[in-house]
Structures are given as C-alpha cells and as structure tokens.
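Trainee: I am new to this structure and would like to learn how to read it. Could we begin with the ligand and then go through the fold?

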Amino acid sequence: MAEIKIGIIMGSQSDWPTMQEAADVLDELGVPYECKIVSAHRTPDRLWDYGKTAVDRGLKAIIAGAGGAAHLPGMMASKTRVPVIGVPVQTKALSGVDSLYSILQMPRGFPVATMAIGAAGAKNAGLMAAAILANEDESLAKRLDDWRAALSASIPDTPERD
Ligand code: RP5
C-alpha cells in the first residue's frame, strides 16, 4: 500500500463538504491521504497526538480546515514542523472572514500557509500539498503539470455572449 504523506484534518464533520474539495483533487492526482476530524477546542488531546506523531508517521504536509474561531491550523503548526496548509471554512455568521483572520494572523515563528475561504481554498490546499510532494516525485510532478495544462486549455479564449 502506498505510504500516506498528506493528512487532511478538519474541526468538525460540518467542514467535510468544503474539505472534500482537497480530497477530490488529491484523488484526481493519485495522491494517497488520510482524513480525520481533529478539533482544537473539542478534541485538544487528539490534536496534540496528531501533531506529535506527524513527522514520525512520514507526513509531508497537513491540510487543516476549520471555521469560526479556527485555531486548528495554527495549533497544529505550533505542534509540528510538517508544513500546515490552512483552509478557512465559510461560516454563516461572518461568511468565513472570522475563519480567515483566525488562520492567517499567526505570530512570527509558526507559519500557516493560508488559502482562500471555502471550496476554492480547499481545492488549492490539495494542489499545494501535491506540489510539495511533486518536488521529490517525478511521476507526480508530471501528473500535476498535466492537470495544470488541462485547466489552462479548458479556459475559452473569448467569452460566450448571451
Ligand atoms: C469549528 O467550528 C469547525 O471547524 C466548524 O467549522 C465550526 C462549526 O462546527 P459544528 O458546530 O458544525 O460542529 O470548530
């Protein structure tokens, strides 16, 4: 079985519809990953254990999505040197600006690579994780290059008029 090098974690089951975008693009690119619910506030011990073991388990990037007081990505970054890619999940109350600021505004020393709010951010998180792995994996690099070229090729030259 292929070694799992990417972790996708999220604060709640309710984050899954967003975080599925990251999982889907990793599937498209043939990158194995694991998915877990890990909440900074509701399951802090699970967060600690996940961060403590991430390096030894061979993870190369962790995609962490959370909404509202979204401490999960930052707390994970404080616990492991594995690069953390943060996805601000869109919220009802504040449209995800709360999540964005919570994830983005890290103090110096513990960076989180923060993506856009919502589905686009989750998809880009998957692509970013794949790009990190592609630095050391020629076959994945080729698949990622092809994926990017196909996206570019799908963009029409001129707009359709109504
Ligand atoms: C955060 O609180 C989660 O990441 C989620 O986005 C938000 C709401 O969680 P639920 O109340 O839907 O479980 O921890």
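Mentor: Start with the residues around the ligand, bearing in mind that this is a predicted model. The ligand is surrounded by Gly11, Ser12, Ser14, Asp15, Ser39, Ala66, Gly67, Gly68 and Val89.

Trainee: How does that shell divide into nonpolar, polar and charged residues?

Mentor: Sort each residue into its class, then count. Here two are nonpolar, six are polar and one is charged.

Trainee: Which residues does UniProt list for "binding site"?

Mentor: A record is read separately from the coordinates. The unreviewed UniProt entry lists Ser12, Asp15 and Arg42 under "binding site". These positions are spread over 31 residues of sequence but cluster in space, with a largest C-alpha distance of 14.2 Å. Ser12 and Asp15 also belong to the residues surrounding the ligand. As for its place in the fold, Asp15 sits in the loop between strand 1 and helix 1.

Trainee: Which residues does the domain annotation cover?

Mentor: According to the unreviewed UniProt entry, "domain: PurE" covers residues 4–155. In the model, that span is 47% helix and 16% strand, and its end C-alpha atoms lie 33 Å apart.

Trainee: In what order do the strands of the sheet lie?

Mentor: Read a sheet from one edge to the other, not along the sequence. Five strands form an open sheet here, in the order 2-1-3-4-5, with parallel pairing. Strand 2 (33–37) and strand 5 (113–114) are the edges, each pairing on one side only. Within the sheet, strand 1 (residues 6–10) pairs with strand 2 over five bridges in the parallel sense, and Ile8 stands opposite Cys35 in strand 2.

Trainee: Which strands do helix 3 and helix 5 meet?

Mentor: Look at the strands touched, then at the angle. Helix 3 (residues 72–79) packs on the sheet against strand 1, strand 3 (61–67) and strand 4 (84–89), and its direction makes about 145° with that of strand 3. Helix 5 (residues 119–134) lies across strand 1, strand 3, strand 4 and strand 5, at about 170° to strand 4.

Trainee: How do helix 1 and helix 5 cross?

Mentor: For a helix pair, take distance, angle and hand in turn. The axes of helix 1 (residues 16–28) and helix 5 come within 7 Å and cross at roughly 35°; the crossing is right-handed. Among the residues that meet are Met19, Ala22 and Val25 in helix 1 and Ala122, Leu127 and Ala129 in helix 5. By class, this contact has 10 nonpolar, two polar and two charged residues.

Methods
Residues are numbered from 1 along each chain as its sequence is written. This is a predicted model: local features need pLDDT of at least 70, side-chain atom pairs count only at pLDDT 80 or more; totals for chains, interfaces and linings use all residues. A residue is near a molecule or strand if its C-beta atom, placed from the backbone, lies within 6 Å of it. Ala, Val, Leu, Ile, Met, Phe, Trp, Tyr, Cys and Pro count as nonpolar, Asp, Glu, Lys and Arg as charged, and the others, Gly among them, as polar. UniProt positions are given in the numbering used here, feature names are shortened, and annotations may be inferred rather than shown by experiment. Helices (H or I, at least four residues) and strands (E, at least two) are DSSP runs, numbered from the N terminus. Two strands pair if DSSP finds at least two bridges between them. Two residues are in contact if their C-beta atoms, placed from the backbone, lie within 7 Å. Axes are lines fitted to C-alpha atoms, for helices over the stretch in contact, and angles run from 0 to 180 degrees between N-to-C directions. A crossing is left-handed if the near helix is turned anticlockwise from the far one by less than a right angle, and right-handed if clockwise.
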